[in-house]
Amino acid sequence: MDLGFSSIPVNVYAFRNDKIRAKILNEIKSSWLHGKAFAIAPVAFANDTTMTISRNWLFVELVVVGAIAIGAVLLAYKYYRISRENDLLRKQAENEARQDALTDIFNKRAGLEKLSENIKLANRQQLPLSFVFFDIDFFKPYNDNYGHQAGDKALKLVAATVTENIRETDIFFRYGGEEFGIILPNTSLSAANEVAEKVRGAIETRGIKPEEPKDNFSGVTVSLGVAELMQGEGEAELIGRADDAAYESKDNGRNQVTLSRSVQGEGFIRNSVLIGLSAILTVGAFLFGPVAKAFAAGTVAVAGVGVN
């Protein structure tokens, strides 16, 4: 089969079928085999070398893109690990700042913060709140006689015993040295007294003592004071009353619980009665003469209130 060709732009067209490949040179001189017809299509010409280079570049691009993707994933994972480790370190630092290193309970700073929060909550919701303050009896002689390691062990055992005998909602902290505090939310004075007695008895029954006690030492005991929050009272006043009650327990022989006397409450009631009485008498003074007025003035003076 003879085929005629007109001039065709060089290297623009490729002639191919399943067995024939033709390439346009400067002058078209080709002999066609097998006599099969073929089509002419406007395709970009590429020889085997160019196609090989293109495939190589594609492979390189895929490798580069893959390497970048893997690097990004590794970098993100590394950032995630660093961020997680920083979070853990921060939480650990926060816990250490709020936790007593020896007994693993709240330290004084954390305990006072919790007490302040619970006082505000109790005042806002009009709920009772009680506080127990106690320390270990004769702890200084205990340290002197048996050593500080024995003293530390006793502190740990006391803390563990108290933790086992209070509610999860109660807040137990080490105030300092051998002194401890227990915050009892939503707890009246009588209920707090029961908690304190339970704690005292548990510590006494446990028999916390060194391996070789002296002078028939039977075990560690504690003296406790209990106070219930009064209206308008802050944490310092509440702790002070409970501490005073604990000292009273010591003065009365130790290893016992003493309830705080509501001196402020009793004084408020007394003054309220006297001021009310003085108001009645003051009104009567204007009605019945100077004698009643003088008596009213004396009553107000007793109550601590001046009258102009």
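**Helix α6, two pockets and A97**

What covers the buried residues of helix α6 includes one helix, α2 (108-125), and the strands β4 (129-136), β5 (171-176), β7 (222-228) and β8 (257-259). Before I go on, please keep in mind that this is a predicted model.

So which residues of α6 are buried? They are L238, I239, R241, A242, A245, A246, S249 and K250.

Next, the length of the helix. Helix α6 has 17 residues, running over 235-251. At 1.5 Å a residue it should span 24 Å, and its end C-alpha atoms are 24 Å apart, which agrees. Just after α6 comes G253, which takes a positive phi of about 120 degrees.

I would like to stay with one residue of this helix, K250. Is K250 buried or exposed? Its relative accessible area is 14%, and the cut-off for buried is under 20%, so K250 counts as buried. As for its surroundings, leaving aside neighbours within four places in sequence, K250 is in contact with D135, I136, D137 and S223.

D137 brings me to the pockets. A general remark to begin with: rolling a probe the size of a water molecule over the atoms shows where empty space is left. In this model, the largest pocket holds about 230 Å³ of space. Its lining consists of 13 residues, and those nearest the pocket centre are D137, F138, Y142, F217 and G219. D137 is thus named twice here, as a contact of K250 and in the lining of the largest pocket. Sorted by class, that lining has six nonpolar, four polar and three charged residues.

The second largest pocket has a volume of about 160 Å³. Which residues line it? From the lower numbers there are A122, N123, Q126, L127, P128 and L129, and from the higher ones E228, L229, M230 and Q231. By class, this lining divides into six nonpolar, three polar and one charged.

Last item: A97. This residue lies in helix α1, which covers residues 48-98. A97 has a relative accessible area of 30%; partly exposed is the range between 20% and 50%, so A97 is partly exposed. Not counting residues up to four places away in sequence, A97 touches N107 and R109. How far is A97 from R109, C-alpha to C-alpha? The separation is 8.4 Å, with the two residues 12 apart along the chain.

That is what I have on α6, the pockets and A97. I will take questions now.

Key. Residues are numbered from 1 along each chain as its sequence is written. This is a predicted model: local features need pLDDT of at least 70, side-chain atom pairs count only at pLDDT 80 or more; totals for chains, interfaces and linings use all residues. Side-chain values use heavy atoms; hydrogens and water are left out. Helices (H or I, at least four residues) and strands (E, at least two) are DSSP runs, numbered from the N terminus. The expected span of a helix is 1.5 Å times one less than its number of residues. Buried means under 20% relative accessible area, exposed over 50%, partly exposed in between (1.4 Å probe, protein chains only). Contact means heavy atoms within 4.5 Å. On a 1 Å grid over the protein atoms alone, a cavity is a set of points where a 1.4 Å probe fits but cannot get out, and a pocket is an open set with protein on both sides within 12 Å along at least five of seven lines; lining residues have an atom within 4 Å of a point. Grid points are joined across faces, edges and corners, and a volume is the space filled by probe spheres set on the points. Ala, Val, Leu, Ile, Met, Phe, Trp, Tyr, Cys and Pro count as nonpolar, Asp, Glu, Lys and Arg as charged, and the others, Gly among them, as polar.
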